[in-house]
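Here is a walk through one model, from how its parts fit together down to a few unusual backbone spots. Keep the viewer open and follow along.

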Amino acid sequence: MQATYKEPDELGYYGEFGGAYIPEMLYRNVEELRSNYLDIINSASFQEECRFLLKDYAGRETPLYYAARLSQKYHTNIYLKREDLCHTGAHKVNNTIGQILVAERLGKKRIIAETGAGQHGVATATVCALKGLQCIVYMGEKDIERQAPNVARMRMLGATVIPATSGSRTLKDATNEAIRDWINHPENTFYIIGSVVGPHPYPDMVARFQSVISKEIRTQLKEKTGSELPKAVIACVGGGSNAAGTFYHFLDEPSVDIIAVEAAGCGVTSGMSAATTQLGKPGILHGSKSFVMQTKDGQVVEPHSISAGLDYPGIGPLHANLFVTGRGKFLSATDKEALSAAFELARLEGIIPALESAHALAALEQVKFDKDDNIVICLSGRGDKDMETYMRELNKK
Amino acid sequence: MSRLSEVFKSGKKILNIYCTAGFPRLDSTLPVMRALQESGADIIELGMPYSDPLADGETIQKSSAVALANGMNMQVLFEQLKNMRQSPSLGGVGEAIPVVLMGYMNPVLQYGFENFCADAANVGVDGLILPDLPQHEFEKTYRAILEKYNLDLIFLVTPETSEERVKKLDSLSSGFLYAVSSSSTTGGEKDFNEVKEYLQRLQSYQLKNPVLVGFGIKDKKTFNDACKYANGAIIGSAYVKIIQQAPSPEVLTKCFIQSILN
C-alpha cells in the first residue's frame with residue numbers, strides 16, 4: 001500500500017500515472033507554476049483571500065443534506081453534499097477561485113480556459129470578471145451549439161468564447177486549442193484547467209482546491225452522526241475534479257469505500273460510451289499519463305455521454321491510480337440510468353441535479369448498503385443547464 | 001558515424017523538410033520523400049500523424065487528420081518504409097540522406113517504445129523528434145533503448161528555454177538540436193529580429209550539436225536569414241501547404257525546393 005493516495009511524488013506521479021508530457025514550448029510556464037504553486041497556496045494572504053471568496057462569494061460551506069426519502073427508498077442513510085448550491089451552479093468555482101488567485105500572484109493578465117458543457121467556462125469567466133482580467137474560453141464548435149445558455153452566460157460575464165474547430169470539435173479539442181493558445185502566448189497568460197487533468201502540477205493543484213468538499217464533509221458528518229467517516233463516498237468522474245474533491249480527505253482512511261461512477265453512455269460495449277477505465281488503456285493525453293480511450297494505434301477516440309461534463313476520453317491520474325490499485329471502486333451508469341436517477345431525486349427530494357451528478361446517484365441501484373451505513377454522494381451541480389434534455393425526456397413519457 | 005553527423009560535416013547550410021506520412025495520399029509517403037531527396041533536401045523529417053498534435057498549427061493538424069483518414073498508422077508506415085534505403089532508381093531515397101521521424105508519445109507507447117525503435121532502425125531511420133517526451137523520462141527510461149538501436153534523439157529548445165536548460169538538452173541530444181524560432185505552434189509568423197537575437201545567444205553557448213531552426217521558416221528569405229545564425233533550417237507547414245492540393249506532389253516538390261535553394 002502506498003503512503004498516500006492524495007498527493008503525487010515530486011515529478012507529479014500518482015503511482016505510474018501523471019507526470020508532465022509537454023512540449024518544450026510549455027516548459028517555462030508549467031515549471032513556473034510547479035515551482036511556485038505550493039508556496040502560493042500555503043501563504044497566509046492566499047489562504048485568507050481564498051477563504052473569504054469561498055465563503056462570501058461562492059457561498060461555502062455548502063450543506064450536507066440528509067436525504068430522508070432517498071434514504072428510505074434505499075434502506076440506508078444518504079447524505080448529499082450540495083455543491084449544486086455553489087455560485088455558478090456547480091463545484092467548478094472552488095477551483096477557479098483558487099487558480100485565479102494563483103494567476104494573480106504570478107502577475108498574469110490574460111486567462112484562458114477550456115470548457116465542455118460550459119460550467120468550467122462560466123466559473124472561469126466569473127472569477128475573471130471579479131478580478132478584472134481578460135478571459136478567453138475555448139469551447140468545441142459542437143458544444144457551442146449544444147450549450148447555448150452557458151455560451152450566453154460567459155459572454156455576459158465579458159469572456160470571449162472561441163470555437164474549437166479542430167478534430168471532433170468537443171472538449172478534447174477545446175483543451176488542445178487552449179494548450180496551443182498557451183504555447184503561442186508564453187508571456188502573460190495563465191491557463192485555468194477545469195479538472196484534475198493536464199501536466200503536473202495541475203492535477204494536484206486542482207485536487208487541493210476541490211478538497212474543500214471532503215474537508216467540509218468530515219466536519220459536517222461529525223456534527224450529524226458523531227463520526228467523521230462515512231461508509232462510502234460516491235462521485236461521478238469525467239476528468240474527475242468533483243470526485244477528487246469528494247474523495248480527497250478520505251483516500252487515506254481505509255475504512256471508507258471510494259466509489260467513482262463513470263458515464264457508460266449508451267452502454268459500455270455500445271461504442272458510444274465514456275467509461276474510460278473500462279474502455280481505455282494507459283496512455284498520454286493533455287500532458288499526463290493516465291487511462292485514455294484510444295484506438296489500438298494510439299489515436300484518441302471520441303467518447304459519448306448524455307452529460308457533456310463527463311464526455312471526456314481521459315481521467316485524472318489520481319483516479320487512474322485509485323483504479324489500478326483497487327483503492328477506488330469504479331462503476332458506470334448509462335445515459336438512461338442517469339436520467340432515471342435525476343428524475344428520482346427530483347421527485348423524492350425536490351432537487352433537480354445536473355446530469356453529471358445524476359450518474360453518481362445512479363450508483364445507489366448498483367451497490368447495496370446496510371441500513372446503518374452513512375453514505376455521502378457529491379451532488380456536484382444543479383440541473384438548470386440540462387433542462388432541455390430533461391424536457392425531451394418528459395415529452396417522451 | 002551517423003548519417004546526421006555525416007550530413008553536417010560538410011559545413012553547408014542544411015535544408016530539412018518536414019512532410020506528414022500518408023499525406024496527401026496514403027501511398028504518397030515514399031514518393032514525396034524521394035522527390036525531396038532528388039530535389040536537394042538534406043534531411044527528411046517525416047511526421048507520424050496523431051489525433052491530438054499539441055505543438056502543431058492548423059496546417060500540420062489538417063495534414064495529420066487527412067493522413068489518419070487515409071489509413072496511416074505505424075504498421076502501414078514501417079511497411080511503406082521497408083525499402084526506403086534502396087537507390088532512387090528503385091524507388092527509395094538511397095543510403096545517404098538522413099531520415100528523422102517526428103511524432104507524439106502516445107502512438108509510440110501503444111506500439112511499444114522498444115518495438116518502435118527496433119522497426120525504425122530496421123528500415124533505416126536515423127533519429128526521432130518526440131516533442132512531448134520529457135527530459136527526465138528520457139534519461140530514466142528511454143535513452144538506453146535509443147542507444148541500443150543507434151537512434152539519435154533530437155530535443156527542442158525555444159526562446160524561453162534558459163541557458164542552463166539549453167545546455168542540458170544539448171548534452172542529451174544527438175544529431176542536432178531543434179531550435180524553435182519563437183514560442184508558437186508550427187506555421188506561425190514572427191519578427192526575425194527577435195529570432196536573430198535568440199539564435200545568436202544559442203551560438204554563444206558553444207553547443208556540441210549543430211542547430212537547425214524550425215517554426216516560421218517558409219521561403220528563401222526566411223531560410224537564408226535563419227542560416228546566417230544556425231547550421232540550417234526546417235520547413236514544415238509551408239511545404240505541407242504546397243503539396244496538399246497537388247495531384248502529383250513530386251513536381252511541386254522540385255519547384256518548391258528549387259525556389260529555396262537557387
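## Domains, chains and helices

In chain A, 37 residues of domain 1 are in contact with 38 residues of domain 2. Keep in mind that this is a predicted model. If you want to colour the two domains of chain A, domain 1 takes in 14–53 + 92–206, and domain 2 takes in 59–90 + 211–396. Their C-alpha centres sit 22 Å apart.

How much area is buried between domain 1 and domain 2 of chain A? It comes to about 2,900 Å², with carbon and sulfur atoms giving 61% of that. On the domain 1 side, look for F17(A), Y21(A) and K172(A): these lose the most area to domain 2 of chain A, and together they make up 22% of what that side buries.

Now zoom out to the two chains. Chain B puts 35 residues into its contact with chain A, and chain A puts in 31 residues. Here the buried area is about 2,900 Å², and carbon and sulfur atoms give 50% of it. Click on L54(B), Q110(B) and E160(B) next, since no other three residues supply more of the area that chain B buries against chain A; their part is 23%.

Here are the two buried areas side by side.

| Contact | Buried area | Given by carbon and sulfur atoms |
|---|---|---|
| Domain 1 of chain A with domain 2 of chain A | about 2,900 Å² | 61% |
| Chain B with chain A | about 2,900 Å² | 50% |

On to helix packing. Two packed helices are described by the angle between their axes and the distance between the axes.

Take α7 (residues 135–148) and α8 (residues 163–172) of chain B: their axes come within 11 Å and cross at roughly 20 degrees. An angle under 35 degrees counts as roughly parallel, so α7(B) is roughly parallel to α8(B). The crossing of α7(B) past α8(B) is left-handed. Which residues of α7(B) and α8(B) meet? From α7(B) come Q135(B), F138(B), E139(B) and R143(B), and they meet R165(B), K168(B), L169(B) and L172(B) of α8(B). Sorted by class, that contact has 4 charged, 3 nonpolar and 1 polar residues.

Over in chain A, α4(A) and α9(A) have axes 8 Å apart and pack at an angle of about 120 degrees. That angle makes α4(A) oblique to α9(A). The crossing of α4(A) past α9(A) is right-handed. The α4(A) side of the contact is K92(A), N94(A), N95(A), G98(A), Q99(A) and V102(A), while α9(A) brings Y202(A), M205(A), V206(A), F209(A) and Q210(A). By class, the contact of α4(A) with α9(A) holds 5 nonpolar, 5 polar and 1 charged residues.

Last, some backbone spots in chain A. Is the peptide bond from R60(A) to E61(A) cis or trans? It is cis, with omega near 5 degrees. You'll find E61(A) in the loop between α2 (44–57) and β3 (64–66) of chain A. H200(A) and P201(A) are also joined by a cis peptide bond, with omega about 15 degrees. P201(A) is in the loop between β8 (189–192) and α9 (202–210) of chain A.

Then there's T88(A), a residue other than glycine with a positive phi, near 75 degrees. T88(A) sits in the loop between β4 (77–82) and α4 (92–105) of chain A.

Conventions. Residues are numbered from 1 along each chain as its sequence is written. Chains are lettered from A and ligands numbered from 1 in the order in which they are written. This is a predicted model: local features need pLDDT of at least 70, side-chain atom pairs count only at pLDDT 80 or more; totals for chains, interfaces and linings use all residues. Side-chain values use heavy atoms; hydrogens and water are left out. Axes are lines fitted to C-alpha atoms, for helices over the stretch in contact, and angles run from 0 to 180 degrees between N-to-C directions. Helices (H or I, at least four residues) and strands (E, at least two) are DSSP runs, numbered from the N terminus. Angles under 35 degrees count as roughly parallel, over 145 as roughly antiparallel, 65 to 115 as roughly perpendicular and the rest as oblique. A crossing is left-handed if the near helix is turned anticlockwise from the far one by less than a right angle, and right-handed if clockwise. Contact means heavy atoms within 4.5 Å. Ala, Val, Leu, Ile, Met, Phe, Trp, Tyr, Cys and Pro count as nonpolar, Asp, Glu, Lys and Arg as charged, and the others, Gly among them, as polar. Domain bounds come from an automatic or database domain assignment. Buried area is the accessible area (1.4 Å probe) that two parts lose on being put together, summed over both.
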